[in-house]
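Hi,

Here is the structure I promised to send over. Have a look at it first, and then read on for what turned up.

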Amino acid sequence: MTAHSIPSPAIPSPDRLTVLLVDDSRPVRGVIRTLLNGIGFARVFEAADGDEALVLARTCRPDLALVDYDLGQATGLDLARRLRDPLQCARPNLPVFLLAADGFAHLVRGARAAGVSAVLPKPVNPRTLLAGLAASFSAPGLLPESTAMLDSATREG
């Protein structure tokens, strides 16, 4: 872990995890990849849309997915539902983190229904990313609690 990371016994070391990063904007993917690399994630695979993400989910076997809410013609919730479908994804229990712009509280109900692990504010920063990972790995399925915790982490950081 680097100086920018928040050590947590709840999550595995980032250098041992493979991340699937899905955003339709190449520059945004580059910024998030740099952030991920900076906090120790060495294996990051990028997809621009849901179809590409599903192919990478099968071939790269990620440990978690960071998915932007706005993927152009589809939403991150659409992709989350597809990732949860065992007919489309070999690992339907893959932790999926939805990245959404400020004011994402209204997305929580739809995110929960789509099987999203946590909704993270965008632009994402190391503190909220690691807090979301810790919440998801220590208590899977608790989207409202992790969202509240992330909201307080965002205000503090």
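Let's start with a side chain: Arg-29 has a relative accessibility of 8%, so it counts as buried, the cut-off being under 20%. Before you read too much into any value, keep in mind that this is a predicted model.

What does Arg-29 meet in a salt bridge? Its partner is the side chain of Glu-46, with N to O at 3.1 Å. Arg-29 belongs to helix α1 (residues 26-38) and Glu-46 to strand β2, so the contact links distant parts of the chain, 17 residues apart. Glu-46 has 24% relative accessibility and therefore counts as partly exposed.

That strand brings us to the sheet. It is an open sheet of five strands, paired in parallel, and the order is β2-β1-β3-β4-β5. The edges are taken by β2 (43-47) and β5 (118-122); each has a single partner strand, so one side of each has no neighbour in the sheet. From one strand to the next, the twist averages 25 degrees.

Further in, β1 (residues 18-22) pairs with β3 (residues 64-68) in the parallel sense, over four bridges. If you want a spot to look at there, Leu-21 stands opposite Leu-66 in β3.

Two helices are worth finding next. Helix α2 (residues 50-60) packs on the sheet and touches β1 and β2, and its direction makes about 150 degrees with that of β2. Helix α3 (residues 76-84) lies across β1, β3 and β4 (96-101), and runs at about 175 degrees to β4.

These two helices are also joined by side chains. Asp-51 and Arg-82 meet in a salt bridge, 2.9 Å from N to O. Asp-51 is in helix α2 and Arg-82 in helix α3, 31 residues apart. Arg-82 is partly exposed, at a relative accessible area of 27%.

How many salt bridges are there by the rule used here? The count comes to six. One of them is between Asp-68 and Lys-122, whose closest N and O atoms are 2.8 Å apart. Asp-68 lies in strand β3 and Lys-122 in strand β5, so this pair ties together parts that are 54 residues apart in sequence.

Buried or exposed, for Asp-68 and Lys-122? Both are buried. They also have company: Asp-23 is linked with Asp-68 and Lys-122 in a network of salt bridges.

Cheers

Conventions:
Residues are numbered from 1 along each chain as its sequence is written. This is a predicted model: local features need pLDDT of at least 70, side-chain atom pairs count only at pLDDT 80 or more; totals for chains, interfaces and linings use all residues. Side-chain values use heavy atoms; hydrogens and water are left out. Two strands pair if DSSP finds at least two bridges between them. Axes are lines fitted to C-alpha atoms, for helices over the stretch in contact, and angles run from 0 to 180 degrees between N-to-C directions. Contact means heavy atoms within 4.5 Å. A salt bridge is a side-chain nitrogen of Lys or Arg within 4 Å of a carboxyl oxygen of Asp or Glu. Buried means under 20% relative accessible area, exposed over 50%, partly exposed in between (1.4 Å probe, protein chains only).
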